[in-house]
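Colleague: Before I rely on the descriptive words used for this model, could you take me through them and set each value against its definition?

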Amino acid sequence: DSMKIKTSKVSLSSIPQLSSWLWQAWKGHRLQALLNTLIGALVVLSDLAFVWATKQAIDIATKVNTSVQLPVAIGLLIGIILLQVSLGVASRWVRAVLGVKAQNHMRRRVFCGLLACRWRDLRDYHTGNLLNRVERDVSDVITFLTESVPLLANTCMKFVGAFVFLFIMDSKLACLILLLIPFFLVCSKLYVRKMRRLTRDIRDTESQVQATIQESLQHSLVVKTLEQTGNMVGKLNRLQERLHREVLGKTRYAVASSTIMNVGFATGYLVTFVWGVFSLQADIITYGTLIAFIQLVGQIQDPVRTLSRFVPVLITAFTATERLMELDRIPREEQKPPVRFPVGDAGLRLDHVTFSYLPTTRKILHDFSYDFPPGSITAVLGETGSGKTTLIRLILALLEPTEGEVALYSSRGGVAEKVSPATRCCFSYVPQGNTLLSGTI
């Protein structure tokens, strides 16, 4: 009963709560986000510079522009390409060095928080579920904060820069392309609501799959001796089939949405090409300008495409954030300095202790009082279910009495100390099962 499964079926938190939690989690990781943003801004500027340099090179080659030599224009293009390659290398290094550090920091914080949780409340979550959150959800949140948010800023910068560039060259074409944007925004709004629910269902099922595998491997002896191998395999198969159906449904919906968007993008390219060809035929623009039109419309539509891809990223990040916020809401044990008693001078007194695991279940202990004097040796005997293990858990402050009090006292007098996590240092505990942690002796 120590490995129960708790799935996340609570209502989704509001956007302000999620945003506030993410803002707090962003502290300590803003350097990476800033570096990614700066590198992205340089990439945007180099892309626009490449469009301008391409136009100049073509105009020079077609004798429209004779103010600059063609080798100079080609050299400029080569320089811009080398800059873009260098920025790509810098981006990968920032991601490798600071990205792993950020994930380790948040994973350690979540791990420490789980170890500080009250034992009874933590038991409501399967260890496989917790592991999925510590690994997968932390990774999703950090990637969102340090990479996706800077990407969003750079995407908006790229959109504005390309639009202004195109507007300077041909304001009517720029405005015509801009009129297609509301269509994508409407599609995105419809896309968000559905994808958020589908992502949540998939993540919960993934947790259950991981929990089943971990539970079966951890208790393989019990599974074998009770001949439950077939049942566990069947359970895993059913969960995997459900996960397959959920992923298939999400993929089907995503494909339909992306198809609609691709039709819109193709329309934008077609409009730009037709507009440019007729303008070229009428000698309104040069061939280099036509190439620039096609490149710029791509740089206007690429941010819209990126924003459409950002929607599932945002959904995944918010889903992961909510699952981590749920862990933060698990009650913590009281943290205070250890309370130590002299060796051999501590007594333990239970005063009218009553305890039941749930209000609706039977009382394991009822109005139980006992005094364990300092220096005494006591054997606690009883049949299964009589409360021996519960008594140990109460003494170790893993559980709190429903009524009554458990306290340590000294034979020398003084005020008794109610048992708590701070008094756990006074006890030596050899558990019933054989537990080994990885590592050397």
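**Helices, sheet and single residues**

Modeller: The axes of helix α1 (residues 15-25) and helix α5 (residues 127-169) come within 11 Å of each other and cross at roughly 80°. This is a predicted model, in which local features need pLDDT of at least 70 and side-chain atom pairs count only at pLDDT 80 or more, while totals for chains, interfaces and linings use all residues. Residues are numbered from 1 along each chain as its sequence is written, and side-chain values use heavy atoms, with hydrogens and water left out.

Colleague: What makes α1 roughly perpendicular to α5?

Modeller: Angles of 65 to 115 degrees count as roughly perpendicular, those under 35 as roughly parallel, those over 145 as roughly antiparallel and the rest as oblique. The crossing is at roughly 80°, and therefore α1 is called roughly perpendicular to α5. The axes are lines fitted to C-alpha atoms, for helices over the stretch in contact, and angles run from 0 to 180 degrees between N-to-C directions. The helices themselves (H or I, at least four residues), like strands (E, at least two), are DSSP runs numbered from the N terminus.

Colleague: Which residues of α1 and α5 meet, and how many of each class are in the contact?

Modeller: W21, L22 and A25 in α1 meet V141, F144 and L145 in α5, where contact means heavy atoms within 4.5 Å. By class there are six nonpolar, no polar and no charged residues; Ala, Val, Leu, Ile, Met, Phe, Trp, Tyr, Cys and Pro count as nonpolar, Asp, Glu, Lys and Arg as charged, and the others, Gly among them, as polar.

Colleague: Why is α2 called roughly antiparallel to α3?

Modeller: Helix α2 (residues 30-61) and helix α3 (residues 70-115) pack at an angle of about 165°, with their axes 9 Å apart. That angle makes α2 roughly antiparallel to α3. The contact of α2 with α3 has 24 nonpolar, seven polar and two charged residues.

Colleague: Why is T212 described as buried or exposed?

Modeller: Buried means under 20% relative accessible area, exposed over 50% and partly exposed in between, with a 1.4 Å probe and protein chains only. The relative accessible area of T212 is 2%, so T212 is buried. T212 belongs to helix α7 (residues 181-218), and, leaving aside neighbours within four places in sequence, T212 is in contact with M232, K235, L236 and L239.

Colleague: What can be said of E227 and A397 on that scale?

Modeller: E227, in the loop between α8 (220-225) and α9 (229-281), has a relative accessible area of 69% and is therefore exposed. A397, in the loop between α11 and β3, is at 13% relative accessibility and so counts as buried. Phi is positive at E227, near 55°, and at A397, about 65°, although A397 is not a glycine.

Colleague: How do you know which strands are at the edges of the sheet?

Modeller: The open sheet of four strands has the order β2-β1-β3-β4, with antiparallel pairing. Its edge strands are β2 (365-372) and β4 (417-418), each of which pairs on one side only. Two strands pair if DSSP finds at least two bridges between them. Five bridges join strand β1 (residues 346-355) to β2, seven join β1 to β3 and two join β3 to β4. Among the partners, V353 has F368 in β2, G347 stands opposite Y409 in β3, and A407 stands opposite K418 in β4.
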